[in-house]
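Visitor: I should like to learn how to read domain contacts and helices in a model of this kind. Could we proceed feature by feature?

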Amino acid sequence: MPQNNTNTCQLEIVVSIPSITIFYPDLTYSFSDCAREYDALIIAKIHNYPLILLGEEVSDFEESGKVIIDLSLWHPPVLYIFDKTTKGRYYEEFLVPLRLFTKNVSLTYTIQPDEMAYIWMNGYELFNLLFYSLLFTHYNTSRKILNDISSMRYPQQPSLNILSELSICLKSIIENNTVPTLDKINSPKYMNIDAPKTASEIIAELATKEIVIYFFPQLLKEYEKSEKRKYFPINLAVLILNVLSEKVNKLYFRVIGTGLGTQYSEYILKEIKNLLVDFEINCNIKGIISRNLDETKSLLVEDAHKIASETNTPSILIIVAGDYGKRPFAKLVANIASAFRKSELTILVFPEVIYRISKKKENRLASMSAPLNIILKRNEKKEGFSQFELFLEKDILLIKSKEASKLVDLLTQLIGERI
Amino acid sequence: MKFIPIFYVSANGDSSKDLISVLLELGSFYAVKPENPKINHIDILGGYIQDINIYKKALILNIEGSNSKRSHGWNRSRIIKTLKYLSEVSTLSPLSASIYLTVGKRIREAWRPQYIKLIHENLKKSIFTCNIDLFDHYVKKLEKIGLCVKNLDNRTSALSIVAWSTGAHRHGMALRQIAAQELAGKIFLQGENSSDALVFLTALIVDTYAWLPYIIKEREVVLTTELQYAVAATPLRELVDLMKCLNLPQVIQELRNKIYNSLKEKLKNIPPSRSIVNFSNYLNHLMQIILQDIREYYNKNIRTEALIGRLYILSKEIANKIKREKPKRILITLTEQTAPILIEIIHHEVKNIEKLTIIYTPQTLYNRLLFDEKLKNIINNIQYIPVPSTEPLLTKEILKENIKEQYDLAIVQGSLTVALSVLNSLYGCIDPSKVIFI
């Protein structure tokens, strides 16, 4: 425990990162709460020797329960901090004996929570990998993962640059027992980044006079039993159409369904149609659905030619809700591209579950969210549509223009079909 | 205690130290790796045990080694406590079985400090032990059938034990698949000790086609949460209703004997595989044996095989792609089910792979670590690229920055957010006819 005594060690805080939230790596796709959130990851020095600590600011006696949670997670060293404002005598009544604590001090951050929130709004998942490996794996394993992260080439992207700096620093601590300078991580200039675009903004930018959307919903087995998850593709479709319908003259929407997903696609189509009426959204909607892939392809091609005759080189949006079978996806996309050779093609994939970053001080910064697993109600249009804003740029795979043409070209060659 | 044994493994000397070390490493999700455990013999008996009204997994351990005060580090007591912690407390660990110990001799009076401490702890926590005679009785039962492992490499044994012990969750399902694939590799690539590998393969098949449907029947939420999107769970869904009218202990014993005898009989005298085509055909043969046995036992057809079906499809695709030209530079994206054997079978035929690029997500961290352990000694140049699975913009940008070289085989699998980003970066770096997109 650090004390102001010349005979004892001086603790020098190098970096203090707020709100470290650790999610189970094997639950990334699931809408799961975190394994544990710590108030800070502290990289410090004592006589120039590095020290990695987790900080837990105690504001409530209830927090003593976290000590037990930590026991189920190998218990990495946690410094419990009781500041002057902590009511009562928690540090005495807290679960004793505490391993590591200090009182009458406040947790200080070298990176402020709101700055960190902006960084993580551009990507948190790899930070989770880094934190998990650092805190819960063996030295050799941790070193391997830090090495993977630090040896990558990075694009100019703020969250990835911080990730790279942090991994280099932690690697140096683990391997050489030294802390390199971390000017970049602590520099306010480095933190000065723009807020990421939202899904609505991204979709709105894709608006042209005429648009055809091909919608690929992920397969959900036993969707009848599902109470919330089954609504993800439905809501996604309606929210996208809501953004585009006001900006587009001719809007075509096609729900694709083939193989095992046929029945669920029929259900999705029906529900979308109902919601479009409720929300007064106009578009030409239809299902391209058949259990047999070749038949689905034929339906698609026939319909595409009809649309082509009614339009003048419309933009094509291929939207995947969650995931889709690769072979049917490649085959159908290749046929869409072939039917609209002169059109501009854009591919978008929306995951069902995303990392949500909060800017509110009282909340943990990172949590998992499945924003569209809700029931959209007619009288709650505004609230429902605001869920769409939770999807940020980082959450959407967007491949457009030349990149999209090249990708479709590759998909066409992969399925080995002459179209 | 109602106990249905399913496998027995035994190791001596350095091999026992290695086995326990790897078991703790894999069982702890790479959180711990004991150096030089102070034991000189270990027996592990795995089976199912009734706990109130549900059948769970149990591992009974007979460990011989130092427990003296002077033996610091990983002595018997510490090993057992760690296993119990991992199995019964740690939520990060995939290991999930009740841990029991054997008692070799009756202690009438505890007078040595370490015995007094041991007895005190056991009484305080009501830790029940398995009498060594009873343990021997179960071992003999298994020996009679042949379900004893004597000479399998320790990594495969440890992986199989961890995979078998896992609960009914997504990662557990993936671990069963990985272990089964690795065992198939042992049987068909190396041939030697294949009867040992068959013991664990039997345990995994029984667990997948009997215990898992039984648990799903008992806990319906398994299907709507953990296994909701798991393709491998499809055959299990087909068996759930059947379990309602069957008696699990009876199913386990009968299926265990049927599967093991059938595998032993139908896979005997198979020479080690010489090529990927050969390997792929063997996998198909194995798959048909499993499907037929399950069909005969339950009198019900299941459409797909959960454990090695994916490896069979991939090996067939790879065999087609490398018929004319042997790939030297390979790229692969990992899924939770991908086992290192997939690359080993290519290496078996190609011999000198110049570069291997492995793309993984946090979801496939465990696989990445398994790959490293197995491939580091056979391929010199391995590049690991971690990417997010739910933040596709970053995935796309990272891959664009890091995939710039030419490849002559790419195995692109997993979710579309990752797979499409990989394809996007591969454009111009590979002949499309060398891409497996599956």
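The dialogue below takes up the domains of each chain and then one helix.

Guide: Please bear in mind that this is a predicted model.

Visitor: Into which domains is chain A divided?

Guide: Chain A has domain 1 (11-191) and domain 2 (199-415). Their C-alpha centres lie 38 Å apart. Their contact takes 19 residues from domain 1 of chain A and 14 residues from domain 2 of chain A.

Visitor: Which elements give two or more residues to the side of domain 1 of chain A that touches domain 2 of chain A?

Guide: These elements are strand 1 (11-22) and helix 3 (113-120) of chain A. Helix 3 of chain A supplies the largest share, five residues. By class, this side of domain 1 of chain A has 10 nonpolar, six polar and three charged residues.

Visitor: How is chain B divided?

Guide: Chain B comprises domain 1 (3-149), domain 2 (166-311) and domain 3 (322-437). Between domain 2 and domain 3 of chain B, 14 residues of the former are in contact with 12 residues of the latter. On the domain 2 side, helix 6 (170-190), helix 11 (276-298) and helix 12 (309-321) of chain B each give two or more residues. Helix 6 of chain B gives the most, with eight residues.

Visitor: What can be read from the length and burial of helix 10 of chain A?

Guide: An α-helix has 3.6 residues a turn, so residues three or four places apart point the same way. At 1.5 Å a residue, the 15 residues of helix 10 (residues 231-245) of chain A should span 21 Å, and the end C-alpha atoms are indeed 21 Å apart. Because 14 of the 15 residues of helix 10 of chain A are buried, this helix is largely enclosed by the rest of the structure.

Key. Residues are numbered from 1 along each chain as its sequence is written. Chains are lettered from A and ligands numbered from 1 in the order in which they are written. This is a predicted model: local features need pLDDT of at least 70, side-chain atom pairs count only at pLDDT 80 or more; totals for chains, interfaces and linings use all residues. Helices (H or I, at least four residues) and strands (E, at least two) are DSSP runs, numbered from the N terminus. The expected span of a helix is 1.5 Å times one less than its number of residues. A residue is buried if 20 or more other C-beta atoms lie within 10 Å of its own, exposed if 12 or fewer, and partly exposed in between; C-beta atoms are placed from the backbone. Domain bounds come from an automatic or database domain assignment. Two residues are in contact if their C-beta atoms, placed from the backbone, lie within 7 Å. Ala, Val, Leu, Ile, Met, Phe, Trp, Tyr, Cys and Pro count as nonpolar, Asp, Glu, Lys and Arg as charged, and the others, Gly among them, as polar.
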